Amino acid sequence: MKIAVTGKGGVGKTTFAATLARLYAAEEKHVLAADVDPDANLGLALGFDEETLDSIVPISRMRKLVEERTQAKPDNSFYLLNPKVDDIPDTYGKTCNGVKLLVLGTVETGGAGCVCPEHVMLKRIINNLVLHRDDVVILDMEAGLEHMGRGTTEGMDQFIVVIEPGARSVQTYKNVKRLASDLGVAQVRVVANKVRNAEDEEFIRNKIPAEDLLGIIHYNTEVMDADRQGKSPYDFSETVTDEIRKIKEKIDRQ
Ligand SMILES: Nc1ncnc2c1ncn2[C@@H]1O[C@H](COP(=O)(O)OP(=O)(O)OP(=O)(O)O)[C@@H](O)[C@H]1O
């Protein structure tokens with residue numbers, strides 16, 4: 001199972017991606033969660049301690065590794081487009097609560113045409129995770145799909161946009177849908193998070209086609225408590241974990 005979770009900053013994609021990863025791990029599945037966010041914080045939501053997380057350097061910032069693998073010249077006038085990356089998840093990933101975390105970080109691509117060695121590395125690692133690993137792979141990504149190529153999208157099972165009940169979030173869903181369609185992805189699904197009441201739910205059901213709506217997670221202060229304490233929402237909120245379990249069951253049926 002290969003799942004990409006996107007959404008604009010702060011909507012709850014990390015909460016959702018981490019809980020989903022923990023649910024798969026609870027079934028004894030091999031789970032690899034990759035953080036592809038400039039603001040990487042998936043580790044805390046998975047239950048890692050701060051000391052371990054402080055020791056992790058995102059792959060995008062490992063200049064030496066990128067240079068060595070891509071054989072990049074200092075002025076980027078030459079570099080390999082197919083660097084070896086298949087050992088990277090096992091060498092640099094760290095495991096906690098049955099989930100292997102790989103922090104990729106991200107690279108400002110400055111538009112679709114821009115390539116640089118770091119970007120090539122990330123794209124290649126993601127491609128490798130999606131096409132060549134047996135694990136359940138969950139990618140926690142920022143709103144864009146810059147690090148995805150057509151070859152990668154073919155191996156994805158689910159593209160999920162996490163949204164809040166609000167116009168800006170719905171716009172993000174539309175943008176991702178457009179980007180995904182350019183990459184040949186037929187369906188983008190939505191998880192609506194932080195839904196407070198019946199009006200919020202109605203707003204979501206009016207804006208998102210029923211076939212795209214995977215499920216709803218209600219606003220719950222336990223999730224915020226978990227975050228404040230740097231803990232995994234999975235260990236803190238049975239209610240939200242149950243809501244995400246239902247969404248997972250739907251994913252597994254598709
Ligand atoms: N269902 C919920 N109820 C209440 N608070 C929530 C809920 N889901 C997420 N939050 C809170 O919203 C904030 C953002 O959540 P989270 O970090 O999961 O979002 P994100 O989209 O990954 O953000 P970023 O892009 O900054 O990484 C956190 O403080 C989190 O505790």
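This passage describes the surroundings of the ligand and the setting of strand β4 in a predicted model.

The ligand comes first. It is surrounded by 20 residues. Among these, G9, G12, T14, T15 and D227 are the closest. Three elements each give two or more residues to this shell: α1 (13-26), β7 (189-195) and α10 (221-228). The shell is mixed in class. Of its residues, 9 are polar, 6 are nonpolar and 5 are charged.

Strand β4 covers residues 99-103. A residue counts as buried here if 20 or more other C-beta atoms lie within 10 Å of its own. By this criterion, 5 of the 5 residues of β4 are buried, so the strand is largely enclosed by the rest of the structure. In a regular strand, side chains alternate between the two faces of the sheet. In β4, V99, L101 and V103 point one way. K100 and L102 point the other way. Residues of both groups are buried, K100 included.

Two strands pair with β4. One is β2 (residues 31-36), which runs parallel to β4 and is joined to it over 5 bridges. In this pairing, A34 stands opposite L102. The other is β3 (residues 94-96), which runs antiparallel to β4 and is joined to it by 3 bridges. Here C96 stands opposite V99. Strands β3 and β4 form a hairpin with 2 residues between them. In that hairpin, N97 takes a positive phi near 50°.

Conventions:
Residues numbered from 1 in each chain as written. Predicted model: local features only at pLDDT ≥ 70, side-chain atom pairs only at ≥ 80, totals over all residues. Near = placed C-beta within 6 Å. Helix = DSSP H or I, 4+ residues; strand = E, 2+ residues; numbered from the N terminus. Nonpolar A, V, L, I, M, F, W, Y, C, P; charged D, E, K, R; others polar. Buried ≥ 20, exposed ≤ 12 C-beta atoms within 10 Å, placed from the backbone. Pairing = 2+ DSSP bridges.
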